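Colleague: I am new to this structure. Please take one part of it and walk me through it closely.

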Amino acid sequence: MRVLLVEDHAELAETVATGLRREGMAVDVALDGHDALAHLALTDYDVLVLDRDLPGVHGDQICRSLVAEGRDGRILMLTAAGSIEDRVDGLSLGADDYLPKPFAFAELVARVRALARRAGAPLPPALAHGDLRLDPGNRLASRGGQRLALSPKEFAVLEYLLGAQGRIVSAEELLARVWDENADPFTTTVKVTIRRLRAKLGEPPLIETVPRSGYRI
């Protein structure tokens with residue numbers, strides 16, 4: 001999934017972004033409201049993790065704008081104000097969820113994943129194809145009953161391909177949805193990750209290369 005984290009506290013933003021990336025998410029970071037709007041103008045995100053009290057453009061205004069535009073992405077609002085009134089106020093702006101600071105990182109991950117499932121077409125909690133099983137919630141993958149040791153990016157690519165349900169996924173789409181803005185579009189990152197993933201999945205091959213189009217399972 002592609003996530004935009006908007007948080008004006010740079011150290012906290014980097015800590016949270018690093019943790020989410022370790023969970024296999026592609027995370028971009030914006031440190032103020034203007035930067036957030038610039039990111040949103042260029043990329044469709046599955047989930048926006050939005051600090052409410054932002055410099056430049058307030059988080060409330062960003063939330064209202066996205067709701068008015070009818071964006072498909074989901075909004076998780078963060079704030080240091082944790083009263084019931086604050087939560088109701090945040091949700092009334094159109095946010096899909098609300099998490100007061102300080103928060104437990106595991107809860108943030110669970111909420112982001114739940115919102116991402118709502119942002120796209122509904123998918124089962126576990127994905128399967130033949131003897132391949134993928135449990136995104138617990139970050140577990142197995143084939144033929146044998147657990148697969150996948151890196152976060154390998155897991156994310158496999159999850160995206162399985163979620164596509166047979167649709168051909170281009171390398172450009174994988175790069176946009178699985179990697180963040182720091183990925184170089186001219187590298188062979190996708191091809192290398194697919195090659196490593198195929199080696200770990202074993203025989204018979206599961207990932208098909210469609211010439212000049214992309215990949216599918």
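Modeller: Keep in mind that this is a predicted model. Let us look at strand E7, which spans residues 132–135. Start with its two faces. In a regular strand the side chains alternate between the two faces of the sheet. In E7, Leu-132 and Leu-134 make up the covered face. Arg-133 and Asp-135 make up the uncovered one.

Now the neighbours. E7 pairs with strand E6, residues 127–129, through three bridges. The two strands run antiparallel. Across this pairing, His-129 stands opposite Leu-132 of E7. E6 and E7 form a hairpin with two residues between the strands. Gly-130 in that hairpin takes a positive phi near 60°.

Next comes strand E8, residues 140–143. E7 pairs with E8 over four bridges, again in the antiparallel sense. Here Leu-132 stands opposite Arg-143 of E8. So what links these two strands? E7 and E8 form a hairpin too, with four residues between them. In its turn, Arg-139 has a positive phi of about 55°.

Leu-132 ties the picture together. It belongs to the covered face of E7. It has His-129 opposite it in the pairing with E6, and Arg-143 opposite it in E8. Follow E6, E7 and E8 in the model, and look for Gly-130 in one hairpin and Arg-139 in the turn of the other.

Definitions and conventions:
Residues numbered from 1 in each chain as written. Predicted model: local features only at pLDDT ≥ 70, side-chain atom pairs only at ≥ 80, totals over all residues. Heavy atoms only, no water. Buried < 20%, exposed > 50% of the residue type's maximum accessible area, 1.4 Å probe, protein only. Pairing = 2+ DSSP bridges.
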